[in-house]
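I sat down with this model to look up its confidence, its sheet and its pocket. Here are my notes, kept short.

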Amino acid sequence: MMHYEIFVSVDGQQGVVRVGGSHPLAKGTASAIEYALGVTEMCYPEAIIEFDFIKEYDIEDEPDVGYVYEPYGIVQTYH
């Protein structure tokens, strides 16, 4: 699964938007960049926003290991 870090500048201040590959709008590099820029523009509508660069990571899915342990006794809950 791909994971993206999109580096942007908002009024000259650098920042990063992280987008996981499981996000429904991240179907590749271009759509991840578009999503990150769109979210940034929504948060800072009056700012000058620039795309700086992107980092991509190929992350393996976690294996299904089932339950690590069975809970012992009754779990106390408070309402």
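My entries follow, with the ground rules at the top.

**Ground rules.** I am reading a predicted model, where local features need pLDDT of at least 70, side-chain atom pairs count only at pLDDT 80 or more, and totals for chains, interfaces and linings use all residues. Residues are numbered from 1 along each chain as its sequence is written, and side-chain values use heavy atoms, with hydrogens and water left out.

**Confidence.** I looked up pLDDT, the predictor's confidence in each residue, from 0 to 100. The protein averages 86, and 84% of the residues score at least 70. Among its elements (DSSP runs numbered from the N terminus: helices are H or I, at least four residues; strands are E, at least two), strand E3 (residues 49–58) has the highest mean, 95, and E2 the lowest, 93.

**Sheet.** I found an open sheet of three strands, ordered E2-E1-E3, with antiparallel pairing (two strands pair if DSSP finds at least two bridges between them). E2 and E3 each have a single partner strand, so one side of each is left without a neighbour in the sheet. I counted eight bridges between E1 and E2; Val10 has Gln13 of E2 as its bridge partner.

**Pocket.** Which residues line the largest pocket? I noted Val8, Val10, Gln13, Gln14, Gly15, Val16, Val17, Val39, Thr40, Cys43 and Tyr44 (a pocket is an open set of points on a 1 Å grid over the protein atoms alone where a 1.4 Å probe fits, with protein on both sides within 12 Å along at least five of seven lines; lining residues have an atom within 4 Å of a point). Strand E1 (2–10), strand E2 (13–20) and helix H1 (29–43) each give two or more residues to this lining, and E2 gives the most, with five.
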